[in-house]
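Let's take a walk through this one, starting from a single ring and working outwards. Keep the viewer open as you read.

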Amino acid sequence: YLAACPSEVSPLLVIEFLHRVADTFGDYFGSPTDEDAIKENFSTVYQLLEEMVDFGWPLTTEPNALQDLIRLPTVLSKVCVLFCVLVCVIFWGFESFYDSL
């Protein structure tokens, strides 16, 4: 993982935050978390980073608090997303669904 800082920040703060992010991703997606796991769970990754960082500063990094806010991805949730996509494609056609992305 990589962090870019526009101003001078404590190096230990950045290292600790990146370590927390890696641990949290490992809890949610399995360890080691690779590029494919992040791509497959992009929505969950976005939600986690949204809760962990506020205006560029670490906010909520405790795994228990994050698990209360954001549920772990399950097979059922992935099936629900797939079902919603299929319903959209069936009712509105593939071209209109593709154009909305």
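Start at Phe29: its relative accessibility is 15%, and since the cut-off for buried is under 20%, Phe29 counts as buried. Bear in mind that this is a predicted model, so treat what follows as a reading of that prediction.

Which ring does Phe29 pair with in a tilted arrangement, 6.1 Å centre to centre? That's Tyr28, with 55° between the two planes. Tyr28 is buried as well, at 7% relative accessibility. Now step back along the helix to Phe25. Phe25 and Phe29 both sit in helix 1, four residues apart, or about one turn of the helix. An α-helix has 3.6 residues a turn, so residues three or four places apart point the same way. Phe25 is buried too, with a relative accessibility of 3%.

How many aromatic pairs are there by the ring-centre rule? The count is two. One of them is Phe25 with Phe29: the ring centres are 5.8 Å apart and the planes make 50°, so this pair is tilted. Put together, Phe25, Tyr28 and Phe29 make up one aromatic cluster.

Next, see what helix 1 is up against. Helix 1 covers residues 11–29 and helix 3 covers residues 42–52; the two pack at an angle of about 145°, with their axes 11 Å apart. Their crossing is right-handed. On the helix 1 side, the contact takes in Phe17, Arg20, Val21, Thr24, Phe25, Tyr28 and Phe29, so the members of the aromatic cluster are all listed there. Facing them from helix 3 are Thr44, Val45, Leu48, Leu49 and Met52. Sorted by class, this contact has nine nonpolar residues, two polar ones and one charged one.

Look at helix 3 on its own for a moment. Its buried residues are Thr44, Val45, Leu48 and Met52. Why do they end up on the same side of helix 3? Because they cover an arc of only 100° around the axis. On the face turned away from that buried side, you'll find the exposed residues Phe42 and Tyr46. The buried residues of helix 3 don't just meet helix 1: they also pack against helix 2 (35–40), strand 1 (53–54), strand 2 (57–58) and helix 4 (63–69).

To follow the link towards helix 4, pick out Thr24. This residue lies in helix 1 and is buried, with a relative accessible area of 2%. Setting aside neighbours within four places in sequence, Thr24 is in contact with Leu48, Met52, Thr61 and Leu66.

That last partner, Leu66, belongs to helix 4. Is Leu66 buried or exposed? Buried, with a relative accessible area of 0%. Not counting residues up to four places away in sequence, Leu66 touches Thr24, Tyr28, Leu48, Glu51, Met52, Thr60 and Thr61. Tyr28 brings us back to the aromatic cluster, while Leu48 and Met52 are among the buried residues of helix 3. For one more distance to check in your viewer, try Leu66 and Gln47: they are 19 residues apart in sequence and 9.7 Å apart in space, C-alpha to C-alpha.

Notes. Residues are numbered from 1 along each chain as its sequence is written. This is a predicted model: local features need pLDDT of at least 70, side-chain atom pairs count only at pLDDT 80 or more; totals for chains, interfaces and linings use all residues. Side-chain values use heavy atoms; hydrogens and water are left out. Axes are lines fitted to C-alpha atoms, for helices over the stretch in contact, and angles run from 0 to 180 degrees between N-to-C directions. A crossing is left-handed if the near helix is turned anticlockwise from the far one by less than a right angle, and right-handed if clockwise. Contact means heavy atoms within 4.5 Å. Ala, Val, Leu, Ile, Met, Phe, Trp, Tyr, Cys and Pro count as nonpolar, Asp, Glu, Lys and Arg as charged, and the others, Gly among them, as polar. Buried means under 20% relative accessible area, exposed over 50%, partly exposed in between (1.4 Å probe, protein chains only). The arc is that of the directions from the helix axis to the C-beta atoms. Rings of Phe, Tyr and Trp (its six-membered ring) pair if their centres lie within 6.5 Å; planes under 30 degrees apart count as stacked, over 60 as edge-to-face and the rest as tilted.
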